[in-house]
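Trainee: I should like to go through this structure with you, one question at a time. May we begin with the strands and then turn to the ligand?

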Amino acid sequence: MIKLAIMGAMEEEIEPLLAHFENINVVEFADNKYYEVKYNGLEIVIAYSKIGKVFASLTAATMIEKFGCDTLLFSGVAGGINPELKIGDLIIADKLCQHDLDITAFGHPNGYVPGGKVFVETTKSLREIAIKVANENNLKVIVGTIATGDQFVHSTERKDFIQSTFKADALEMEGASVAVVCDALNVPFFILRAISDTADMDAGFDFDEFLKSSAKNSADYLIKIVKEL
Ligand code: ADE
C-alpha cells in the first residue's frame with residue numbers, strides 16, 4: 001500500500017486539501033502538525049511546512065523518515081515566468097533548481113554546489129498520471145522548470161535573471177529543496193503549483209488577492225491525481 005505524503009508550504013495551501021477528508025488524526029512533531037488520514041486505499045500524511053527551503057526540507061524529510069511515506073506530492077502556488085502562465089494556471093515541474101544557490105565566486109554555475117546538481121528531475125511516472133488526469137478533465141497544464149529560492153520575487157530584474165539563467169517557467173520558495181530531499185532518499189515525488197502572481201512589481205498585491213483561489217486550483221487537481229494512484 002502506498003503511504004503518501006502531501007505537502008504545502010502555507011496553511012492556505014493545505015486547507016482545501018484537508019477539506020476533502022474526514023476522520024483526520026493530528027500528530028504534532030518538531031514544531032509542526034501532521035494530518036493523517038486513510039483515503040481510497042491509501043494512507044496519507046498531510047502537512048504544511050512553513051515558507052522557505054529549510055522548513056520544506058525538514059517537513060519532507062520528516063514525512064519520509066518519521067512517518068514512513070514512500071511517495072510525495074506537493075501542492076501550492078507559484079509566481080509565473082512563462083508568459084503562457086496566467087494567474088490560476090497549473091504547472092507541473094519536470095525539473096527544479098535553486099535560483100539563489102550561488103558559489104559562482106569559485107567558478108561554479110549558478111544553482112550548483114559540489115556533490116549536487118543544478119536541476120533535479122521529478123518522477124516521470126507521477127507526471128504521466130498527472131497529465132492523463134489533466135487530459136481526462138480538460139485541464140490546461142504546463143510541464144516545465146520551476147526555480148526555487150528563499151525570496152519572494154517581485155521585480156522584473158530578478159525574474160529576468162531566473163528566466164535567463166535557468167530557463168525557468170515559474171518560481172516559488174520550496175519545490176527544489178523538497179526535490180533534493182526526495183531524490184537523495186529515493187522517494188518518487190511530484191511538484192504541482194498554480195500561479196498566484198507573475199513575480200513582478202504587482203506580485204505582492206496579486207499574491208494576497210489570488211493565494212486562496214490558486215491554492216484551491218492546485219489542491220482540486222491534486223485530489224484528482226490522488227484518486228488515480
Ligand atoms: N510563490 C508565489 N509567488 C511567488 C513569488 N513571486 N516569489 C516567490 N515565491 C512565490
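Trainee: How many bridges join β6 to strand β7?

Mentor: In this predicted model, strand β7 comprises residues 120-121 and runs antiparallel to β6. Within this pairing, Lys95 stands opposite Glu121. The number of bridges that join β6 to β7 is 2.

Trainee: Which residue is the bridge partner of Lys95 in β8?

Mentor: Strand β8 covers residues 141-148 and runs parallel to β6, with 8 bridges between them. Lys95, which stands opposite Glu121 in β7, also has a bridge partner in β8. That partner is Thr145.

Trainee: Why is strand β6 described as largely enclosed by the rest of the structure?

Mentor: β6 is also joined to β10 by 3 bridges, in an antiparallel arrangement, and there Leu90 stands opposite Ala194. Burial here means under 20% relative accessible area. Strand β6 is largely enclosed because, of its 9 residues, the number buried is 7.

Trainee: Which element gives the largest share of the shell around the ligand?

Mentor: The shell holds 13 residues, with Gly79 and Asp197 among the closest. They divide into 8 nonpolar, 3 polar and 2 charged. The largest share, 3 residues, comes from β5.

Trainee: What percentage of the ligand's exposed area does the protein bury?

Mentor: Nitrogen atoms of the ligand have polar partners in the protein: a side-chain atom of Asp197 at 2.6 Å, and a backbone atom of Val153 at 2.9 Å. Taken alone, the ligand exposes 260 Å². Of that area, the protein buries 96%.

Definitions and conventions: Residues are numbered from 1 along each chain as its sequence is written. This is a predicted model: local features need pLDDT of at least 70, side-chain atom pairs count only at pLDDT 80 or more; totals for chains, interfaces and linings use all residues. Side-chain values use heavy atoms; hydrogens and water are left out. A residue is near a molecule or strand if one of its heavy atoms lies within 4 Å of it. A polar contact is a pair of N or O atoms within 3.5 Å; within protein, one must be able to donate a hydrogen and the other to accept it, and residues adjacent in sequence count only if both atoms are side-chain atoms. Accessible areas come from the Shrake-Rupley method with a 1.4 Å probe; for residues, only the protein chains shown count as cover. Helices (H or I, at least four residues) and strands (E, at least two) are DSSP runs, numbered from the N terminus. Ala, Val, Leu, Ile, Met, Phe, Trp, Tyr, Cys and Pro count as nonpolar, Asp, Glu, Lys and Arg as charged, and the others, Gly among them, as polar. Buried means under 20% relative accessible area, exposed over 50%, partly exposed in between (1.4 Å probe, protein chains only). Two strands pair if DSSP finds at least two bridges between them.
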